[in-house]
Amino acid sequence: MSEMIQKMWYEQNGELSDIVCSSGVLISRNLNCYPFPHKLSVADAQKCNKQIIECLEQDEISHTPFSVIDMQQAGDQARAFLYEQGLVTENFLASENHIEQLLLVSEDHEMSIMLQEQDHICLKVQKSGLSLQSCYEMLSHYDELLCRKLPIAFDSTYGYLTASPYRLGTGLQVYVTLHLPMLERSGAVDRFQMTAEKLGIQISKVAGEAWEDASVYCVTNRITLGIREDAVVSNLDGVARQLVSLEAQARHQLLDGNKQYEDRLMRSVGILKYARMLDCAESYRLLSDVRLAAWMKYIRLPAPQLITQIYYQTGEAFVASHCNSEQNKTTRCQIRAKIIQESLKML
């Protein structure tokens, strides 16, 4: 491991980070010499994992070091942390009948490799801001390595074969998360969704009780069959850029000269800077206002991706990982408030 402190991916700047929280790409692949994960025996799952890991160790270009986590040994809190940090999919955690599940994670949490998810291999890369092309290029390197060294299940008519028909074809899942408070307020998100559906793209609020009032939306592809991988990436990138432009227009139309809204945003800044206890839902709602206040130049953040960083460092599982088992919700709310105050101390 490097002696230098490795920055997490969400601490790094990305394009349009003031509105775009994150970008991610996932690729699912299977080996044609084994049944799908839900049909695998323990012995075959172990052999399958061994082949995949040995293949990844032959990477002579990126030399990315991975930590290996045996999911059978991971407790509930650890599993919740991995999900909250975007390192595993919901399917990976829900695969109760799947055995010998392993997770490979890069030091900066930018890349993770799930073995025995719905499919034998699920590669994932996540980056700050609008970085779909960069995510795809990074993932393609590993995909090409796997396809060159392993007997990947592929059909000349249908493309890459997957356990779920929703992944069949490219096996590619692409997403962007965006902060869209003004489009949400005007109802434009729902109207734009109808247009996006024609391109096979879905726009929905980020799931979870804590995110209910955070105005953060996930834009993702729904079509994997009959389309090229680069087209999936470029289509979604184009839709994300349109949303960023529309959100910026809506902000100017609704907020320029609006002193009442400015007062609301600055009150939220004050609460986050001085509150002694904050639960997750309240902090995410207030952080939405702070992000908007920074965009409107009412305040100046040290870095545009700071609010995304705070999201990942104040989630329930992250805060719980900094507590002992005897500490209660009140203590966790106090710890969260301290993390946010430290992050915003330059304001």
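**Close-up 1. The lining of the second largest pocket, sorted by residue class.** By class, seven nonpolar, three polar and two charged residues make up this lining. Here Ala, Val, Leu, Ile, Met, Phe, Trp, Tyr, Cys and Pro count as nonpolar, Asp, Glu, Lys and Arg as charged, and the others, Gly among them, as polar. What you're looking at is a predicted model, where local features need pLDDT of at least 70 and side-chain atom pairs count only at pLDDT 80 or more, while totals for chains, interfaces and linings use all residues. Residues are numbered from 1 along each chain as its sequence is written, and side-chain values use heavy atoms, with hydrogens and water left out.

The residues to pick out are I53, L56, E57, D59, S62, H63, T64, P65, F66, V68, L104 and Y142. Helix 1 and strand 2 (66-70) are the elements that give two or more residues to this lining. Helices (H or I, at least four residues) and strands (E, at least two) are DSSP runs, numbered from the N terminus. The volume of the second largest pocket comes to about 190 Å³. Pockets and cavities are both found on a 1 Å grid over the protein atoms alone: a pocket is an open set of points with protein on both sides within 12 Å along at least five of seven lines, a cavity is a set where a 1.4 Å probe fits but cannot get out, and lining residues have an atom within 4 Å of a point. Grid points are joined across faces, edges and corners, and a volume is the space filled by probe spheres set on the points.

**Close-up 2. The largest pocket, with a volume of about 1,600 Å³.** There are 48 lining residues here, and Y83, E90, V206, A207 and C218 are the closest of them to the pocket's centre. Strand 10 (residues 216-221) gives the most to the lining, with four residues. Sorted by class, the lining has 20 nonpolar, 17 polar and 11 charged residues.

**Close-up 3. Helix 1 and what packs over its buried residues.** Helix 1 covers residues 42-56, and at 1.5 Å a residue its 15 residues should span 21 Å; the end C-alpha atoms are 21 Å apart, so the two agree. That expected span is 1.5 Å times one less than the number of residues. A45, C48, N49, I52, C55 and L56 are the buried ones, with buried meaning under 20% relative accessible area, exposed over 50%, and partly exposed in between (1.4 Å probe, protein chains only). Look down the axis of helix 1 and its buried residues fall within an arc of 125 degrees, so they line one face of the helix. The arc is that of the directions from the helix axis to the C-beta atoms. The cover over these buried residues includes strand 3 (102-106), strand 4 (111-115), strand 5 (121-128) and helix 4. Cover is counted by contact, which needs heavy atoms within 4.5 Å.

**Close-up 4. Helix 4 and its link to helix 7.** The 18 residues of helix 4 (residues 132-149) should span 26 Å at 1.5 Å a residue, and its end C-alpha atoms are indeed 26 Å apart. Buried in helix 4 are L132, C135, Y136, L139, S140, Y142, D143, L145 and L146. D237 sits in helix 7 (residues 229-255). With neighbours within four places in sequence set aside, D237 is in contact with L130 and L132. D237 counts as buried, because its relative accessible area is 19%.

**Close-up 5. Two cavities of 30 Å³ or more.** The largest cavity has a volume of about 60 Å³, and the residues around it are L199, G200, I201, N221, I223, I227, V232, N235 and L236. Helix 7 supplies the largest share of this lining, three residues. Six of the lining residues are nonpolar, three are polar and none is charged.

The second largest cavity, at about 30 Å³, is lined by D279, E316, K329, R332, C333 and R336. Helix 12 (residues 329-343) gives the largest share of that lining, four residues. This time the classes run to one nonpolar, no polar and five charged.

**Close-up 6. L16 and H109, each with a positive phi.** Most residues other than glycine have a negative phi. Phi of L16 is near 60 degrees, and L16 lies in the segment before strand 1 (20-29). L16 counts as partly exposed, because its relative accessibility is 30%. H109 also has a phi near 60 degrees and belongs to the loop between strand 3 and strand 4. At a relative accessible area of 13%, H109 is buried.
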